Amino acid sequence: MRRLIPLLALALCACGKAEEPQPPAPPPDAVIDVRRPMDASGLDPAWALKIRGLQFTVDRPGEPQIVATAPGAVIQPGKVSWTAATPDGHSLKVNLYSSPCSDGASEVQYSYSAEVTLPDGSLLAGCAALAAPQVQAKR
């Protein structure tokens with residue numbers, strides 16, 4: 001009987017602690033599909049960016065249009081980046097992040113936030129989304 005008491009005590013101690021529930025693992029960050037055309041824009045100052053494949057076009061009121069071409073994209077979970085070159089050899093850097101974004105001027109919610117570093121080093125911040133499909137007129 002004396003041998004049984006320590007065994008019972010051990011059994012009770014082992015059963016006394018319930019395993020604490022672990023929080024669920026966070027879902028993996030979404031990968032941004034860069035195969036489709038995308039548009040980005042921002043305010044203060046106003047700007048717009050068109051991404052068509054590896055071609056980038058930045059428009060700003062009162063400023064010359066910037067056109068650049070990238071050799072490819074660096075794709076990471078939740079982020080895609082390009083470093084594009086203008087015809088005169090300057091760099092245009094574009095980062096899109098998989099995070100909801102609002103332009104602050106409307107109630108529209110965008111799927112991505114955007115950062116554009118212009119050749120002169122100026123930073124533009126705004127929102128991005130897949131480009132609206134082009135409707136072709138019937139003849």
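Me: Two strands pair if DSSP finds at least two bridges between them. Which residue of β6 stands opposite I75?
Reply: Strands are DSSP runs of E, at least two residues long, numbered from the N terminus. β5 (residues 74–76) and β6 run antiparallel and are joined by three bridges. In β6, the residue opposite I75 is V80.

Me: This is a predicted model, in which local features need pLDDT of at least 70, side-chain atom pairs count only at pLDDT 80 or more, and totals for chains, interfaces and linings use all residues. Residues are numbered from 1 along each chain as its sequence is written, and side-chain values use heavy atoms, with hydrogens and water left out. Over which residues is the pLDDT below 50?
Reply: pLDDT is the predictor's confidence in each residue, on a scale from 0 to 100. The protein averages 82, and 73% of the residues score at least 70. One stretch is below 50 and has zero contacts (heavy atoms within 4.5 Å) in the model beyond near neighbours in sequence. Where pLDDT is low, the predicted coordinates should not be read in detail; the stretch in question is residues 4–28.

Me: Which glycine has a positive phi in the turn between β6 and β7?
Reply: β6 (residues 79–85) pairs with β7 in the antiparallel sense over seven bridges. Within this pairing, A84 stands opposite L92. The two strands form a hairpin with five residues between them, and the residue with a positive phi of about 90 degrees is G89.

Me: What is the bridge partner of S113 in β11?
Reply: β11 (residues 123–130) is joined to β1 (residues 38–42) by four bridges, and these two strands run antiparallel. Six bridges join β10 (residues 112–117) to β11, also antiparallel. In the hairpin of β10 and β11, G121 takes a positive phi near 95 degrees. On β11, D39 of β1 has A129 as its partner, while the partner of S113 is C127.

Me: What is the angle between the planes of F56 and W82?
Reply: Rings of Phe, Tyr and Trp (its six-membered ring) pair if their centres lie within 6.5 Å; planes under 30 degrees apart count as stacked, over 60 as edge-to-face and the rest as tilted. A search of the whole structure finds one aromatic pair. It links F56 in β3 (residues 55–59) with W82 in β6, 26 residues apart. The centres of F56 and W82 are 5.2 Å apart, and the pair is edge-to-face with planes at 65 degrees.

Me: Which four residues touch the most other members of the largest nonpolar core?
Reply: A nonpolar core is a set of buried Ala, Val, Leu, Ile, Met, Phe, Trp, Tyr and Cys residues joined through side-chain atoms within 4.5 Å; buried means under 20% relative accessible area, exposed over 50%, and partly exposed in between (1.4 Å probe, protein chains only). F56 is buried, and its contacts outside four places in sequence include L49, I66, W82, L92 and V94. The core has 23 residues, and the four that touch the most other members are L49, F56, L92 and L96.

Me: How many residues apart in sequence are D39 and R52?
Reply: Their side chains meet in a salt bridge at 2.9 Å, N to O, where the term requires a side-chain nitrogen of Lys or Arg within 4 Å of a carboxyl oxygen of Asp or Glu. D39 is partly exposed at 26% relative accessibility, and R52 is partly exposed at 29%. D39 lies in β1 and R52 in β2 (residues 47–52), so the pair ties together parts whose separation is 13 residues.

Me: Is R60 buried or exposed?
Reply: R60 lies in the loop between β3 and β4, and its side chain meets that of E63 in a salt bridge (4.0 Å, N to O). E63 is partly exposed, with a relative accessible area of 44%. Away from neighbours within four places in sequence, R60 is in contact with A46, W47, I66, L118 and L124. At 18% relative accessibility, R60 counts as buried.

Me: What is the distance in space between Q109 and A128, C-alpha to C-alpha?
Reply: Q109 is found in β9 (residues 109–110) and counts as exposed at 56% relative accessibility. Its contacts beyond four places in sequence are P100, C101 and S102. Q109 and A128 are 19 residues apart in sequence, and their distance in space is 9.6 Å.
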